[in-house]
Amino acid sequence: MKALQYRTVGAPPEVVHVPEPEPGPGQVLLKVTAAGVCHSDFVVMYRHAERLHYDLPLTLGHEGVGTVVAVGAGVTAVQEGAAVAVYGPWGCGSCAKCAESKENYCLRADELRICPPGLGAPGAIAEYLLVDNPRHLVPLHGLDPVAAVPLTDAGLTPYHAIKRSLPKLTSGSTAVVIGAGGLGHVAIQLLRALTPARVIALDVSDDKLRLAREVGAHETVLSDAGAASVVRKLTDGIGAEAVFDFVGTPPTVRTAGEVAAVEADISIVGIGGGALPVGFGYLPHAVSVNAPYWGSRTELVEVLALARSGAVSVHTETFSLDDAPLAYERLHAGEIIGRAVILPNG
Ligand code: NAD
Ligand code: ZN
Ligand code: ZN
């Protein structure tokens, strides 16, 4: 089968032929209908060899949707022909965090060397994907595969971050979204669907700011050195009760700190190497800063249900598997509006 692989440290990914996987006991084989392209793959591909924790070659793609085509011995929870989304942050399934469905915070994943598809295990940008356990599949129940696939990360990750801050986002509050890309443009819609907060979006690109307004941002601000003072003015000097940084670079985390209100939540979701010092006098009183990772299985079920209700629609641009390297090039150049989605069998 064809697959998109990261093969050589520092080189772009390549479309290659690899053996078709076969499901072993307890496993499920999917024919991939759609696979999303996430900016995090560049974090993997820019890492020096000594800091790369994965074996190469690595089939990319940690957002996947497909049809069950075969199941291994003992699998009864899913049937052939079922259309499913893959829950990516695989855990052990039985530690205290996994028991709460928070496999993204599995206590034993490192020790047991459990890796998500596309981030260690073979990923979804391939004709077929092996899923380690039917527990990691959520039925689409009629959702369109292309529209649904980004929800498994670009939807789930912001949902997880926003859910934690819902008590802060009451009437009259403000939420700031930094970076209106794949994750950010879904975050804006989730904030509008789940909260009465005013949403202010920041980005460096006019096209992304236009998308932010289209999907529900009340205000948009160009993300430069003056952005924090614009946000302060827009909030009568108070700042935002919740800040979601989907860039995470040193300048954006600084902006996140500068726009935070007293008792605000700051979630640094973007993996851009930025860090925000916390200590008396560094930030307004009682601000809490966290760096969440992906989301729980329950939250994926909730995000898909929300999409089914029509509250969230992901802007997508589709590519064939042969053109998958181009999708990565265009994402890197900042030219994807919304999410790039690969159709490995389309
Ligand atoms: P993306 O490329 O689709 O979007 C990034 C957006 O940020 C773009 O719109 C870009 O124009 C904008 N941007 C760049 N510099 C900016 C700046 N200085 N100020 C404001 N906006 C700026 O990327 P994505 O796939 O949405 O991923 C976003 C980030 O989240 C990445 O760093 C990715 O690695 C990370 N991520 C983290 C998790 C997690 O679990 N923590 C999960 C998925 C993705
Ligand atoms: Zn991702
Ligand atoms: Zn676990």
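The legends below accompany close-up views of a predicted model.

**View 1. The zinc ion (ligand 3) and its protein donors.** Four cysteines, C92, C95, C98 and C106, each supply an SG atom as a donor to the zinc ion (ligand 3). These donor atoms lie 2.3 to 2.4 Å from the zinc ion. Along the sequence, the donor residues follow the spacing C-x2-C-x2-C-x7-C. Of these residues, C92 and C95 are both buried.

**View 2. Geometry at the zinc ion (ligand 3).** The site is tetrahedral, and the angles among the four donor atoms run from 105 to 115 degrees. For comparison, the ideal angle for four tetrahedral donors is 109.5 degrees.

**View 3. The two domains of the protein.** Domain 1 is made up of two stretches of sequence, 2–153 and 295–343. Domain 2 covers residues 156–290. Taken over C-alpha atoms, the centres of domain 1 and domain 2 are separated by 27 Å.

**View 4. The contact surface between domain 1 and domain 2.** On the side of domain 1, 25 residues are in contact with domain 2, which contributes 21 residues to the contact. Together the two domains bury about 1,900 Å² between them, and 63% of this area is on carbon and sulfur atoms. D153, E299 and I337 supply 24% of the area that domain 1 buries against domain 2, more than any other three residues.

**View 5. Polar links and a salt bridge between domain 1 and domain 2.** Ten residue pairs, with both members at pLDDT 80 or more, are in polar contact between the two domains. The count of salt bridges between domain 1 and domain 2 is one. In the salt bridge shown here, the side chains of K163 and E302 meet at 2.9 Å, given from N to O. K163 falls within the bounds of domain 2, and E302 falls within those of domain 1.

Methods. Residues are numbered from 1 along each chain as its sequence is written. Chains are lettered from A and ligands numbered from 1 in the order in which they are written. This is a predicted model: local features need pLDDT of at least 70, side-chain atom pairs count only at pLDDT 80 or more; totals for chains, interfaces and linings use all residues. Side-chain values use heavy atoms; hydrogens and water are left out. Donors are N, O and S atoms within 2.8 Å of the metal (3.2 Å for Na, K and Ca); water is not among the atoms, so sites may look incomplete. Four donors count as tetrahedral if all angles lie between 85 and 135 degrees; four count as square planar and six as octahedral if opposite donors are over 155 degrees apart and all others between 65 and 115; anything else is irregular. Buried means under 20% relative accessible area, exposed over 50%, partly exposed in between (1.4 Å probe, protein chains only). Domain bounds come from an automatic or database domain assignment. Contact means heavy atoms within 4.5 Å. Buried area is the accessible area (1.4 Å probe) that two parts lose on being put together, summed over both. A salt bridge is a side-chain nitrogen of Lys or Arg within 4 Å of a carboxyl oxygen of Asp or Glu. A polar contact is a pair of N or O atoms within 3.5 Å; within protein, one must be able to donate a hydrogen and the other to accept it, and residues adjacent in sequence count only if both atoms are side-chain atoms.
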